[in-house]
Amino acid sequence: MNRRVLALVTLLGFVAAVPAPAATPAPAPAHNWVEGENYYLVDTIPRSAPPPGKIVVTEVFSYGCPACNEFNPTAKRLIASLPSNVVFTYVPAGFIPAEDWPTFQRAFCTAESLGIAAKAHDAMFEAVWKTGELAIMNPTTHQLRSPLPTIADIAAFYAKRTGVKAADFVAAANSFDADRRIREANQFIRDFRVDSTPTIIVANKYRTDARSAGGYEELVQLVSWLVAKESPAPKPAAAAPAAKRAPKK
């Protein structure tokens, strides 16, 4: 959903496990990906050093974004397809106050600080868009609900899903740490000129989304290609030593 939206990736977004083979050289792309058309180089900002030997891929998203909800199954397939040198993170956007995005942004930052974001990530989307537990609009009239879900409502949800006490969640949501994480998320979004969700940032360098890639499946292929493009080429295998001949008798 369109709106205006570098934090350290180790401080923002939970890290998704990426079980996959080691990095390989960039393959010939299935598409002729064009910089400035399918993906955009963002080279005007300072960059934090990634974990040694790793490439960071980040999704900018919101639980209040219907496109992010639709993309979530594809995002999981993307994560599973990436090589083992990739660290996948999430940065929450707060673009649309009228649709509760800042509340969901604070909730994610709080859950990440408490170490429970990954445990309830899929369930949060379901609560907003499937079960209606945290819905922002009436499924029949498609009108925004009033009141919208509050931090207290979301805290109760996390308490049921993760066991963290609702009061502890609310306290963490009102803490300096949550405010800091939100500022860092917003700075990341400004630095990379993100104006819609979901948007993917690869290697703190490239920005792309389904619209510029040509669709969700194309986005998966493009992100994989950019990761391979940024991965170091494997060192050539050392030649096996020549077999020694037995001395003549």
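**Contacts of Met 124, helix packing and salt bridges**

In the predicted model, Met 124 touches Tyr 63, Phe 104, Leu 134, Ile 154, Phe 157 and Tyr 158, leaving aside residues up to four places away in sequence. Met 124 itself belongs to helix α3, which covers residues 117-129. With a relative accessibility of 0%, Met 124 counts as buried, because buried means under 20% relative accessible area. One of its contacts, Ile 154, is 30 residues from Met 124 in sequence, while the C-alpha atoms of the two residues are 8.9 Å apart in space.

Another residue touched by Met 124 is Phe 104, and Phe 104 is among the buried residues of helix α2. Helix α2 is mostly covered, 10 of its 13 residues being buried. The buried set consists of Trp 101, Thr 103, Phe 104, Gln 105, Ala 107, Phe 108, Cys 109, Thr 110, Ala 111 and Glu 112. These buried residues pack against the strands β2 (55-61) and β3 (86-92), and also against the helices α3, α4, α5 and α6. The length of α2 was compared with expectation: at 1.5 Å a residue, its 13 residues should span 18 Å, and the C-alpha atoms at its ends are 18 Å apart, so the two values agree. Gly 115 follows α2 and has a positive phi, near 75 degrees.

Two packed helices are described by the angle between their axes and the distance between the axes. For helix α2 (residues 101-113) and helix α5 (residues 166-173), the angle is about 110 degrees and the axes are 9 Å apart. The two helices are therefore roughly perpendicular, since angles of 65 to 115 degrees fall in that class. On the α2 side, the contact involves Arg 106, Ala 107, Thr 110 and Ala 111, which meet Phe 169, Ala 172 and Ala 173 of α5. By class, the contact comprises 5 nonpolar, 1 polar and 1 charged residues.

Charged side chains were examined next. The model has a count of 12 salt bridges. One of them joins Asp 122 to Lys 76, with the closest N and O atoms 3.1 Å apart. Asp 122 lies in helix α3 and Lys 76 in helix α1 (residues 66-81), so this pair ties together parts that are 46 residues apart in sequence. Asp 122 is partly exposed, with a relative accessible area of 28%, and Lys 76 is likewise partly exposed, at 41% relative accessibility.

A second salt bridge is formed by the side chains of Arg 161 and Glu 133, at 3.2 Å from N to O. This pair also links distant parts of the chain: Arg 161 is in helix α4 (residues 151-162), Glu 133 is in the loop between α3 and α4, and the two are 28 residues apart. Both partners count as partly exposed, Arg 161 at 38% relative accessibility and Glu 133 at 33%.

A further salt bridge connects Arg 180 with Glu 184, the closest N and O atoms being 3.3 Å apart. These two residues both lie in helix α6 (residues 176-191), separated by 4 residues, about one turn of the helix. Glu 184 counts as buried at 19% relative accessibility, because the limit for buried is under 20%. Arg 180 and Glu 184 also take part in a network of salt bridges that includes Glu 112, Asp 177 and Arg 181. Within this network, Glu 112 is one of the buried residues of α2.

Conventions
Residues numbered from 1 in each chain as written. Predicted model: local features only at pLDDT ≥ 70, side-chain atom pairs only at ≥ 80, totals over all residues. Heavy atoms only, no water. Buried < 20%, exposed > 50% of the residue type's maximum accessible area, 1.4 Å probe, protein only. Contact = heavy atoms within 4.5 Å. Salt bridge = Lys/Arg side-chain N within 4 Å of Asp/Glu carboxyl O. Axes fitted to C-alpha atoms, helices over the stretch in contact; angles between N-to-C directions. Parallel < 35°, antiparallel > 145°, perpendicular 65-115°, else oblique. Nonpolar A, V, L, I, M, F, W, Y, C, P; charged D, E, K, R; others polar. Expected span 1.5 Å × (residues − 1).
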